[in-house]
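Subject: Structure handover

Hello,

Here is the structure you are taking over. Please have it open while you read the notes below.

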Amino acid sequence: MEIKNIQTIPAKSIVYKTKSPDSWFGLDYNMNIYRGCSHGCIYCDSRSDCYRNTDFDTVKVKENALQIVRDDLRRKVKKGVVATGAMSDPYNPLEEKLMLTRNSLELINAFGFGASLCTKSALVARDVDVLRDIKSHSPTIVKFSITMADDELCKKIEPNVSVTSERFEALNKLAENGIFCGLLMIPILPFINDNEENMIKTLRMAKEAGAKFVYTYMGMTLRQGNREYYYHHLDKLFPDLKEKYIKKYGFRYNIPSPNYKKLWNVYIKECERLGLLYDMKAIIYNYKTGYEQPRLF
């Protein structure tokens, strides 16, 4: 892969302490070494105007990222789990060549921290060796963002990602190497993938691939910037669906599925049948078992 004209942005710090580590996967620090995303997912909340991320589809690299990450980790008094993938995917196309995420994981390993990754890319499987090393001393978790079982629907909604089947293959490779993996099944899009068939099939595929957990929210969010982009693509992909959204939800931020209650019952029942964790406290407890336990437990 040849890379030309990489755009960079300045940064003073990259590894930040989280506000509530016990509420979201037990994460102590957040780290984003890239800004922007080229996946093109039509629903992405990171497009919202409130984040002031202009030219969102262009991935930019934070200047001197590895030096800053190294210095940030060195200054941390308390060890903990460092998460990446909140605002931009750490395994975007630039990562294949630049390997900044991989090198950051190597620093996390060297300084004795844990790691949490969230991605839509199968490229994460490349770094199984580093993740295995981190797991030997600290909690390690990989969350694959997968919301639909069907590859063809995935190509429409998430045009530039590794399709669902490829992400499950990557999950399987990590799971076979002992990495604690699961699904972040968010968002569930009203009138698109909020059906019982998709829910059951995705959960069963997750179990077969070696997932330990599936965490979901039966809906999505829409706000200025993100809403306009989403509706524009609905017009192209699903004619008349935009009007259905506007009529039902207006300009609300939280957009729950009309099938919320039914889907939730299916989700809980199927997770319990398959032995998949679905409660946040249980997920945190299980991937941190054998290490220093969070105060919550």
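What follows is a tour of the pockets, the helix packing, the backbone and a few residue pairs.

Please keep in mind that this is a predicted model.

**Pockets**

Start with the largest pocket. It holds about 1,100 Å³ of space. Its lining is made up of 40 residues. Trp24, Ser46, Gly85, Ala86 and Leu184 are the ones nearest its centre. Four elements each give two or more residues to this lining: β6 (81-84), β7 (114-119), β8 (140-145) and β11 (219-221). Which element gives the most? That is β7, with four residues. Sorted by class, the lining of the largest pocket has 20 nonpolar, 14 polar and six charged residues.

Now the second largest pocket. The space in it comes to about 450 Å³. Here 21 residues form the lining. Nearest the centre are Tyr16, Asn32, Arg35, Lys62 and Met87. The elements that supply two or more lining residues are β2 (15-17), β3 (29-31) and β4 (34-35). By class, the lining of the second largest pocket divides into 11 nonpolar, seven polar and three charged residues.

**Helix packing**

Two helix pairs are worth a look.

The first pair is α1 (residues 65-75) and α3. Their axes lie 10 Å apart, and the packing angle is about 20 degrees. Angles under 35 degrees count as roughly parallel, so α1 is roughly parallel to α3. The crossing of α1 and α3 is right-handed.

The second pair is α7 and α10 (residues 260-274). Their axes come within 10 Å of each other and cross at roughly 20 degrees. By the same cut-off of 35 degrees, α7 and α10 are therefore roughly parallel too. This crossing is also right-handed.

**A closer look at α3**

Helix α3 covers residues 100-110. Which of its residues are buried? They are Leu100, Thr101, Arg102, Ser104, Leu105, Leu107 and Ile108. Note that Arg102 is on that list.

Both flanks of α3 have a positive phi to check. Met99 sits in the loop between α2 (95-98) and α3. Its phi is positive, about 55 degrees, although Met99 is not a glycine. Met99 counts as partly exposed because its relative accessibility is 33%, between the cut-offs of 20% and 50%. After α3 comes Gly112, with a positive phi near 80 degrees.

One buried residue of α3 also features in a pair. Leu105 and Val130 are 25 residues apart in sequence, yet their C-alpha atoms are 6.8 Å apart in space. Val130 belongs to helix α4 (residues 128-135). Is Val130 buried or exposed? Val130 is buried, because its relative accessible area is 4%, and the cut-off for buried is under 20%.

**The loop between β9 and α7**

This loop runs between β9 (180-185) and α7 (196-209). Two backbone features fall in it.

- Pro187 lies in this loop. The peptide bond from Ile186 to Pro187 is cis, with omega near 5 degrees.
- Phe191 lies there as well. Phi of Phe191 is positive, near 70 degrees, and the residue is not a glycine. With a relative accessibility of 28%, Phe191 counts as partly exposed.

Why point these out? Most residues other than glycine have a negative phi, and most peptide bonds are trans.

**Two more pairs**

Lys79 is in the loop between α1 and β6. Its relative accessible area is 44%, so Lys79 is partly exposed. Lys79 and Ser138 are 59 residues apart along the chain. Their C-alpha atoms are separated by 9.2 Å.

Glu208 is in helix α7. How accessible is Glu208? Its relative accessible area is 67%, so Glu208 is exposed; the cut-off for exposed is over 50%. Glu208 and Pro159 are 49 residues apart in sequence. From C-alpha to C-alpha, Glu208 and Pro159 are 25 Å apart in space.

That is the handover.

Best wishes

Terms used:
Residues numbered from 1 in each chain as written. Predicted model: local features only at pLDDT ≥ 70, side-chain atom pairs only at ≥ 80, totals over all residues. Heavy atoms only, no water. Buried < 20%, exposed > 50% of the residue type's maximum accessible area, 1.4 Å probe, protein only. 1 Å grid on protein atoms, 1.4 Å probe; cavity = no way out; pocket = protein on both sides within 12 Å on 5 of 7 lines; lining within 4 Å. Points joined across faces, edges and corners; volume = space filled by probe spheres on them. Nonpolar A, V, L, I, M, F, W, Y, C, P; charged D, E, K, R; others polar. Axes fitted to C-alpha atoms, helices over the stretch in contact; angles between N-to-C directions. Parallel < 35°, antiparallel > 145°, perpendicular 65-115°, else oblique. Left-handed = near helix turned anticlockwise from the far one by under 90°.
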